[in-house]
Amino acid sequence: MSSKMHSSSSIAQARRTVQQLRIEASIERIKVSKASSDLMRYCGEHAKNDPLLMGIPASENPFKEKKPCTVL
Amino acid sequence: MRSPLIPEMATQEVQLNETLAHLKTESETLKSKLEEERAKLHDVELHQVAEKVEGLGQFVMKTRRTLKGHGNKVLCMDWCKDKRRIVSSSQDGKVIVWDAFTTNKEHAVTMPCTWVMACAYAPSGCAVACGGLDNKCSVYPLSLDKNENLAAKKKSVAMHTNYLSACSFTNSDMQILTSSGDGTCALWDVESGQLLQSFHGHAADVLCLDLAPSETGNTFVSGGCDKKANVWDMRSGQCIQSFETHESDINSVRYYPSGDAFASGSDDATCRLYDLRADREVAIYSKESIIFGVSSVDFSLSGRLLFGGYNDYTINVWDVLKGTRVSILFGHENRVSTLRVSPDGTAFCTGSWDHTLRIWA
């Protein structure tokens, strides 16, 4: 491969990289404090409906065994 | 570099090299600008904001079911939307559909290849997709007739030039998204097998992918051996965001339930959380004592807990907001290779190189 062809494909590659970086640099961003409070709010709003977080009684969870009660 | 004999060629070569150098400079400038812009908005850490949140108590999670039947390492699993059926795939080429409540096997297929690294349940529950070293993704409709030979109805959908690492149906049975050792991801029409869109940008094998929750629109995230996690626009094929903070292969990526963030698990023994609107990593889940790679991650329903399956046979449970570990679970006798929370969040399932799957609750 001639050095000219080699340079051409490197240029194509470099152009793609620059193009990609331009797209990424131009997106709108928010502050971490705002992003964090939104994540926290989502967790808070959905916590009570999260079985693995809240723990649900064995009788409601199909994977937990129902323990039989024996009266001694 | 040979010196050219013709003067015009010499001029052209110099011009090309100048263009290349110019582009490289612009590339460096843009990278610095990107870092600068991201840093400007880094006003606080997630765990600092989360200090005011109540801490989590002790968790008691145990193995509630053990699914035995694979003859070799379990590599992948997926839940059916009915919250009780599971499909799993193994190194020995077997794909099994289980009823997780009863532990009964409902279907079994033997693939023509070993190392079936990817499997997925169709949203309708009527089919499963799988693939691996055959470089393909095939769809098997599930028959109600237990005696029917599933392999007969097999449909080849995706064709890559290297192994299939992950697959997922989109929100219908009609399209499948795949990732491959060939460095690309691709979107396919199931009926025709046609390639609808391909996604180029990873510099090495792509190991995992996850689709954004349907409310958030047409994007997905992928992770690869190039240590990058890329977010893609499914319609245009464009990479819209890229994150490179892991120090090794990214084995697993999973969206936070709101779609505003995603978690990753890596061979560098850490899990990380990336917020898409802040466009940066916002948390690292790690401990000095944890030195083995993470193979698979998933969130609990509210996103407060992150479960990670590790190569040291354990499952670590993390408080996503505070960044601390809340529990460590033992039970598997070899690497945990795959982990998914059930669709209604009542349990999670792990698959392991110890040939079994476990349901935890």
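The legends below walk through several close-up views of chain B in a predicted model.

Residues are numbered from 1 along each chain as its sequence is written, chains are lettered from A and ligands numbered from 1 in the order in which they are written. In this predicted model, local features need pLDDT of at least 70, side-chain atom pairs count only at pLDDT 80 or more, and totals for chains, interfaces and linings use all residues, while side-chain values use heavy atoms, with hydrogens and water left out.

**View 1. Chain B as a whole holds two helices and 28 strands.**
Helices (H or I, at least four residues) and strands (E, at least two) are DSSP runs, numbered from the N terminus. The radius of gyration of chain B is 22 Å, close to the 21 Å that the globule rule gives for 361 residues, so chain B is as compact as a globular protein of that length. That radius is taken over C-alpha atoms, and the rule is 2.2 Å times the number of residues to the power 0.38. The C-alpha trace spans about 80 × 55 × 35 Å along its principal axes. Of the 361 residues, 57% are buried (under 20% relative accessible area; exposed is over 50% and partly exposed in between, with a 1.4 Å probe and protein chains only).

**View 2. Repeats annotated along chain B come from a UniProt record.**
The unreviewed entry places the feature "repeat: WD" at residues 67–108, 157–198, 199–242, 243–284, 294–328 and 329–361 of chain B. UniProt positions are given in the numbering used here, feature names are shortened, and annotations may be inferred rather than shown by experiment. Residues 67–108 are 0% helix and 57% strand, with end C-alpha atoms 14 Å apart. For residues 329–361, the figures are 0% helix and 48% strand, and the end C-alpha atoms are 11 Å apart.

**View 3. Four strands of chain B make an open sheet in the order β2-β3-β4-β5.**
Pairing here is antiparallel; two strands pair if DSSP finds at least two bridges between them. At the edges sit β2 (74–79) and β5 (104–110) of chain B, each pairing on one side only. On average, neighbouring strands of this sheet are turned by 20 degrees against each other, direction ignored. Axes are lines fitted to C-alpha atoms, for helices over the stretch in contact, and angles run from 0 to 180 degrees between N-to-C directions. Five bridges link β2(B) with strand β3 (residues 85–90) of chain B, and B:M77 stands opposite B:S88 in β3(B).

**View 4. Another open sheet of chain B follows the order β14-β15-β16-β17.**
Its four strands pair in the antiparallel sense. The edge strands, β14 (206–211) and β17 (239–243) of chain B, each pair on one side only. Look for strand β16 (residues 229–233) of chain B, which four bridges join to β17(B). There, B:V231 faces B:Q241 of β17(B) as its opposite residue.

**View 5. A hairpin of β24(B) and β25(B) has five residues between its strands.**
Strand β24 (residues 315–319) and strand β25 (residues 325–329) of chain B are antiparallel and share four bridges. B:R325 in β25(B) is the bridge partner of B:W318. In the turn, B:G323 has a positive phi of about 80 degrees.

**View 6. B:L329 lies in strand β25 of chain B.**
With 5% relative accessibility, B:L329 counts as buried. Contact means heavy atoms within 4.5 Å; setting aside neighbours within four places in sequence, the contacts of B:L329 include B:M61, B:F348 and B:W360. B:L329 and B:W360 are 31 residues apart along the chain, and their C-alpha atoms are separated by 9.5 Å.
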